[in-house]
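Let's take a walk through this fold together. Have the sequence and the model side by side, and we'll start from one residue and work outwards.

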Amino acid sequence: ERKAITDALRVPVEKKLKQSVVFNIDHLKVQNGWAFMFGAPRKPGGGRLDYSQTAYAEAEAAGMFDDNISALLHKVRGRWTVVKYVIGATDVVYLDWDKQYRAPSGIFPQ
């Protein structure tokens, strides 16, 4: 499941960042066909990504960017699909995702 979840998330994240990505996962919980992941996107070798050529370059330069990712996925017809993801949030962006997307609250960090 972990591989299927990260592979599903990797597709839109690599497209957005225009570089190969792996995830350093700090939190991953799955329940009733829903998954929430929090961690950091990394280069395949484990190093920090270069955000200078991405949509996040200005935010990072201004100190308004944290090197993290929050992601909510839902399993539909046996495949994980990305419902929502946020890169670089400096605040807790997922506080209302359980209500907003009707996901089980138990998958989110307490």
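**Starting from one lysine**

Setting aside neighbours within four places in sequence, Lys75 is in contact with Glu1, Gly33 and Trp80. Before going further, keep in mind that you're looking at a predicted model. Lys75 sits in strand β3, and with a relative accessible area of 31% it is partly exposed. Take its contacts one at a time. With Glu1, the link is between side chains: the two make a polar contact at 3.2 Å. With Gly33, the interesting part is the sequence gap, since the two residues are 42 residues apart along the chain but 5.0 Å apart in space, C-alpha to C-alpha.

That kind of long-range meeting turns up elsewhere in the chain too. Of the contacts between residues at least 6 apart in sequence, 53% join residues at least 24 apart.

**Stepping back to the fold**

So what is the order of helices and strands along the sequence? The pattern reads α-β-β-α-β-β-α, which gives three helices and four strands in the protein chain. The four strands make an open sheet, ordered β1-β2-β3-β4, with antiparallel pairing. Strands β1 (22-31) and β4 (79-87) are at the edges and have a single partner strand each, so one side of each has no neighbour in the sheet. From one strand to the next, the twist averages 25°.

Zoom in on the start of the sheet and you'll find β1 and β2 pairing in the antiparallel sense over nine bridges. To find your place there, look for Leu28, whose bridge partner in β2 is Met37. Now bring in the helix: α1 lies across β1, β2, β3 and β4, and it runs at about 50° to β4.

How does the whole thing measure up against a compact globule in radius of gyration? For 110 residues, such a globule would have a value near 13 Å, and the protein chain, at 14 Å, agrees with that. The C-alpha trace spans about 40 × 25 × 20 Å along its principal axes. As for burial, 40% of the 110 residues count as buried.

**Two loop residues with an unusual backbone**

Now for the connections between strands. Most residues other than glycine have a negative phi, and two loop residues here are worth a look with that in mind. Asn32 isn't a glycine, yet it has a positive phi of about 50°. You'll find Asn32 in the loop between β1 and β2, where it is exposed, with a relative accessible area of 65%. Arg77 is the other residue to check: its phi is also positive, near 50°, and it is not a glycine either. Arg77 belongs to the loop between β3 and β4, and it too is exposed, with a relative accessible area of 82%.

**Following the charges**

Side chains of opposite charge can pair when their charged atoms come close. In this structure there are seven salt bridges, and three of them make a good tour.

Begin in the helix that lies across the sheet. Asp7 forms a salt bridge with Arg10, with the closest N and O atoms 2.8 Å apart. Why are these two separated by about one helical turn? Because they are three residues apart in helix α1 (residues 2-17). Asp7 is partly exposed, at 29% relative accessible area, while Arg10, at 19%, counts as buried. The cut-off for buried is under 20%.

Next comes a pair that reaches further along the chain. Asp67 forms a salt bridge with Arg42, and their closest N and O atoms are 2.3 Å apart. Asp67 is in the loop between α2 (57-61) and β3 (69-76), and Arg42 is in strand β2 (residues 34-42), so this pair ties together parts that are 25 residues apart in sequence. Buried or exposed? Both Asp67 and Arg42 are buried.

The last stop is Lys99, which forms a salt bridge with Asp98, the closest N and O atoms lying 3.8 Å apart. Lys99 is exposed, at 66% relative accessibility, whereas Asp98 is buried, with a relative accessible area of 15%. Finally, go back to Arg42 and Asp67: through salt bridges that share partners, they are joined with Arg48 and Glu60 into one network.

Terms used: Residues numbered from 1 in each chain as written. Predicted model: local features only at pLDDT ≥ 70, side-chain atom pairs only at ≥ 80, totals over all residues. Heavy atoms only, no water. Salt bridge = Lys/Arg side-chain N within 4 Å of Asp/Glu carboxyl O. Buried < 20%, exposed > 50% of the residue type's maximum accessible area, 1.4 Å probe, protein only. Pairing = 2+ DSSP bridges. Axes fitted to C-alpha atoms, helices over the stretch in contact; angles between N-to-C directions. Contact = heavy atoms within 4.5 Å. Polar contact = N/O pair within 3.5 Å; in protein donor to acceptor, adjacent residues only side chain to side chain. Rg over C-alpha atoms; globule rule 2.2 N^0.38 Å.
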